[in-house]
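Me: Hi! I have a structure open and would like to talk it through with you. Can I paste it here?

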Amino acid sequence: MKQISFRTDILPLKDGLYRLALRLTMNKEEAEDIVQETLLKVWKRRERWQEIENIEGFAMTICHNLSLDHLRRMNNQLVSLEDNPMEHADKALSPFDNTMIHDRVATVREIINHLPEKQRACVQLRDIEGKAYKDIAAILNISEEQVKINIFRARQSIRQRFQAIENFKLSEKKKKD
């Protein structure tokens, strides 16, 4: 059995925990607090680490539950997730193309922000964090089938809303021309 180290096994999870908390709470400061609280809770259970089959899943579950507790306390008053600048804009693209890509990414982020909580969490864990269905099910305490259904519905909703927005933009452009 592998010896678990806070520095090498748990601390590197910080960014993934932050992204999950941020996606659920949509508040940078709250997400940072939730990550700190998650790491503290994991640290307090260090005597039992060897009994835990998946320490990453364990930490993600704690982070998810703390995020849900925060949402309940805030009465589900959600604020919009601030856009993060695109990290690596393609230098070969024109400024117009880069702007269009940035706008489309922002639109998708906004659509994801308005998904139901379970769908938003599933999309975050699967499509952004790259987690397996089994791990997502354990983190969210739902069946793998429910994970797949939530992801399917979320992707379908994202696709439909994005197409509706794009079609609206095209029709507005045609009206102007």
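Me: Let's jump right in: is Glu 166 buried or exposed?
Reply: Glu 166 is buried, at a relative accessible area of 18%. Buried stands for under 20% relative accessible area, exposed for over 50%, and partly exposed for what lies in between (1.4 Å probe, protein chains only). Before we go on, this is a predicted model, where local features need pLDDT of at least 70 and side-chain atom pairs count only at pLDDT 80 or more, while totals for chains, interfaces and linings use all residues. Residues are numbered from 1 along each chain as its sequence is written, and side-chain values use heavy atoms, with hydrogens and water left out.

Me: Thanks. Which side chain does Glu 166 meet in a salt bridge?
Reply: That would be Arg 104, at 3.5 Å from N to O. A salt bridge here is a side-chain nitrogen of Lys or Arg within 4 Å of a carboxyl oxygen of Asp or Glu. Glu 166 belongs to helix α8 (residues 144–176) and Arg 104 to helix α5 (residues 95–113), so this pair ties together parts that lie 62 residues apart in sequence. Arg 104 is partly exposed, with a relative accessible area of 36%.

Me: How are the helices defined, and how many does the chain have?
Reply: The chain has eight helices and zero strands. Helices (H or I, at least four residues) and strands (E, at least two) are DSSP runs, numbered from the N terminus.

Me: Back to the charges. How many salt bridges does the structure hold?
Reply: Six. One of them joins the side chains of Glu 56 and Lys 131, at 2.0 Å from N to O. Glu 56 sits in helix α4 (residues 55–73) and Lys 131 in the loop between α6 (117–128) and α7 (133–140), so the pair ties together parts 75 residues apart in sequence.

Me: And how accessible are those two, Glu 56 and Lys 131?
Reply: Glu 56 counts as partly exposed at 29% relative accessibility, whereas Lys 131 counts as buried at 10%.

Me: Which side chain meets Arg 155 in a salt bridge?
Reply: Asp 127 does, at 2.5 Å from N to O. With Arg 155 in helix α8 and Asp 127 in helix α6, the pair ties together parts that are 28 residues apart in sequence. Arg 155 is partly exposed at a relative accessible area of 32%, and Asp 127 counts as partly exposed at 39% relative accessibility.

Me: New topic: the inside. What can you tell me about the largest nonpolar core?
Reply: The largest nonpolar core has 32 residues, and those with the most contacts inside it are Leu 17 and Leu 140. Such a core is a set of buried Ala, Val, Leu, Ile, Met, Phe, Trp, Tyr and Cys residues joined through side-chain atoms within 4.5 Å.

Me: Which helix gives the most to this core?
Reply: Helix α4, with seven residues. At least two residues each come from α2 (14–25), α3, α4, α6, α7 and α8. As background, nonpolar side chains tend to be buried together in soluble globular proteins.

Me: How much of the chain counts as buried?
Reply: Of its 177 residues, 36% count as buried. Thr 38 is one of the buried residues, with a relative accessible area of 0%, and lies in helix α3. The C-alpha atoms of Thr 38 and Met 60 are separated by 8.4 Å, with their positions 22 residues apart along the chain.

Me: I like backbone oddities. What is the phi of Met 26?
Reply: Met 26 has a positive phi of about 60 degrees, although it is not a glycine. Met 26 lies in the loop between α2 and α3 and counts as buried, at 5% relative accessibility.

Me: And where is Asn 141 found?
Reply: Asn 141 is in the loop between α7 and α8. Asn 141 also has a positive phi of about 60 degrees without being a glycine. At 70% relative accessibility, Asn 141 counts as exposed.

Me: One last thing: where does Asn 150 lie, in which helix?
Reply: Asn 150 is in helix α8 and counts as buried, at 13% relative accessibility. From C-alpha to C-alpha, Asn 150 and Glu 117 are 10.0 Å apart in space, and they are 33 residues apart in sequence.
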